[in-house]
Structures are given as C-alpha cells and as structure tokens.
Amino acid sequence: MSRHLVYGLGIAVSLVAFSWAGAAQESDPIARLSDILYQEMTCSANKTGPALDQATEKKVKELAEGFADTWAKMAAIGLRTPSDNERHHFYSQLLHESMRFKYMTELGDGSKFVQGRPKYKGRGPIQVTHCYNYAGCARFVERLKTGEPARRLFEVVQSERKKCPPPRDDVKDHPIITDPEKLLGDAAPDKRLAATCTLYWWENAKFHMHEFRKSLTSGSEGIVEVSRTINGKQIKGLESRTKMYNKIGGCLNGNFEQAIASVKAKSRASSVGVASQPSDGIR
C-alpha cells in the first residue's frame, strides 16, 4: 500500500475520531462544561507558577468534573451559576488555599480554633474547615440529589455550631462526617466530592453573606472582602491571593455561559431530574 494512502487514511481516521469526540461532547453538555473548567483551572495554575505535574493535573481534572456536575445540578433547579468575575475570584482563592491545587488537606493539625480539630481541619481546594461545615456539606450533597430549594440546601443548623460530631440524624453517620480524609482530603482516590464540598462552602457563603455576594460581582476591589470571608479578619496571604488574581484574568473561557445554557436546555428537553425552582436568593 502506498505510504501516501496510509498517511491519508491516518488523517481520515483522526478526523473521524475528532468528530466523534466533539459530537459526544456536544451530546453531553456537562462534559463540555467540565472541559471548559479544566482549561480555565490549568491555565490559571500554569500562569501562577511552574507547569503542573501529572499528579496535580489529574486532581484538577477531577475537580473540574466535580464543579461541572455540581453547577449543572444547581442550574437544573434554577439556581444562578457564576459569572466571569466570580470565577476569577474563585480560582484565585483556590490557587492560594491549595498551593496551586497540590494539597487537598491542610498541613499540620489545623488551628486550635478549628471545631473538631484535627479531624475537621481544612480539606479540599478551598480548605473547608470546622465540623459544622462538614455537616453542611453532607446535607448539601444529599439534598442536591433531589433538587431541594436553596433555603434547604443551605440550611443553618445552630446546634451543629456547638456540638461535634453533629447531633442531627440526617448527617451524623454520613461518610463525610465519619471519614472525611478518605473522601475529601489528599487520601481521597477521587477529588470530585472535594469539589462539591468546596462549592457548598462557596455557595452557602453567597446565600447568607450579602457583602461576600456583592464583592464577587466586582473586580480587584473585591479581593479583600472575598479573602476576609474565606480566611477571617486577619487575612493570611492577602498578597499571594492578590497576585493570583492579577495573573489569571486571561484564563477565563467565554463559552462558560453557553455551556451552562446547554446544560439547562438538555435538562428541560429530557425532563430528567427535578423541575426548575425559584433561585431563593442565590446571586
């Protein structure tokens, strides 16, 4: 067989494979959304330091899949998804907290002020901390499956701020409570659940904190308030968080909103999942 023919057949096979992959992604808008998030996150990480190693790239891919799945479920029930400004803030904070997606578990035992230390020290790319936040994440994970409204997804249970482990039957034996490191930390074989808990913390803060929600719509002038909400009044690492923010602006993908719209359209067309509900104040 002519080598030119072999070469031509190789190109044809590659084009068919590429077309098939593109068609598969178009038929699965969540996969398309995940790909966009993965591109944004790897770009952001590589702009703020050395190129990611293979192990960290795997973590980023799994985190992107977890973010895409969680935002898709939120979009399907009518909750608002993040703007470019918000994702800009989101990535810059994750980069600082996780040291560019390298660590999913806080180094050391955590602050002496952490509720339930060291079992409930920081985990995930935003370092979700405190027993009551783990309980909130466990509740969010289960309620999101049935598409409950925001007031239920982000319910505040005052007793959980005083008692650890959480006393409520709906979460006290949840795996996130009983074995958090195995599910959310560096020991977790898959980082998608860590992504979901990160979004629980972020969206819960948006739901309950007006100043945080407002600061996410702004540019660099919102960095201080966003950082204060995440890290407390003293804001450790503000210089680092600001540098991260300033370096990653060009990484945001203009197709994010279109991908989210495709997720919503497919959800409506297939009638799979829970019917759309009012946003319940998510901004």
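1. Salt bridges are a good place to begin: in this predicted model, the structure holds 25 of them. One of these joins the side chains of Arg87 and Asp84, with a distance of 3.0 Å from N to O. Both Arg87 and Asp84 belong to helix H4, where they stand three residues apart, which is about one turn of the helix.

2. Turning to helix packing, helix H5, covering residues 131–145, packs with helix H9, covering residues 192–208, at an angle of about 105 degrees, and their axes are 9 Å apart. Angles of 65 to 115 degrees count as roughly perpendicular, and H5 and H9 are therefore roughly perpendicular to each other. On the H5 side, the contact is made by Asn133, Gly136, Cys137, Phe140 and Val141, while H9 brings Leu193, Thr196, Cys197, Tyr200 and Trp201. Sorted by class, the residues of this contact between H5 and H9 are seven nonpolar and three polar, with no charged residues.

3. The largest pocket contains about 1,100 Å³ of space, and 36 residues line it, with Thr129, His130, Ile230, Asn231 and Gly232 lying nearest its centre.

4. Which helices each supply at least two residues of the lining of the largest pocket? They are H4 (84–97), H5, H9 and H11 (223–231), and of these H11 gives the most, with five residues.

5. As for the character of the lining of the largest pocket, its residues divide into 14 nonpolar, 15 polar and seven charged, whereas the contact of H5 with H9 has no charged residues.

Note on methods
Residues numbered from 1 in each chain as written. Predicted model: local features only at pLDDT ≥ 70, side-chain atom pairs only at ≥ 80, totals over all residues. Heavy atoms only, no water. Axes fitted to C-alpha atoms, helices over the stretch in contact; angles between N-to-C directions. Helix = DSSP H or I, 4+ residues; strand = E, 2+ residues; numbered from the N terminus. Parallel < 35°, antiparallel > 145°, perpendicular 65-115°, else oblique. Contact = heavy atoms within 4.5 Å. Nonpolar A, V, L, I, M, F, W, Y, C, P; charged D, E, K, R; others polar. 1 Å grid on protein atoms, 1.4 Å probe; cavity = no way out; pocket = protein on both sides within 12 Å on 5 of 7 lines; lining within 4 Å. Points joined across faces, edges and corners; volume = space filled by probe spheres on them. Salt bridge = Lys/Arg side-chain N within 4 Å of Asp/Glu carboxyl O.
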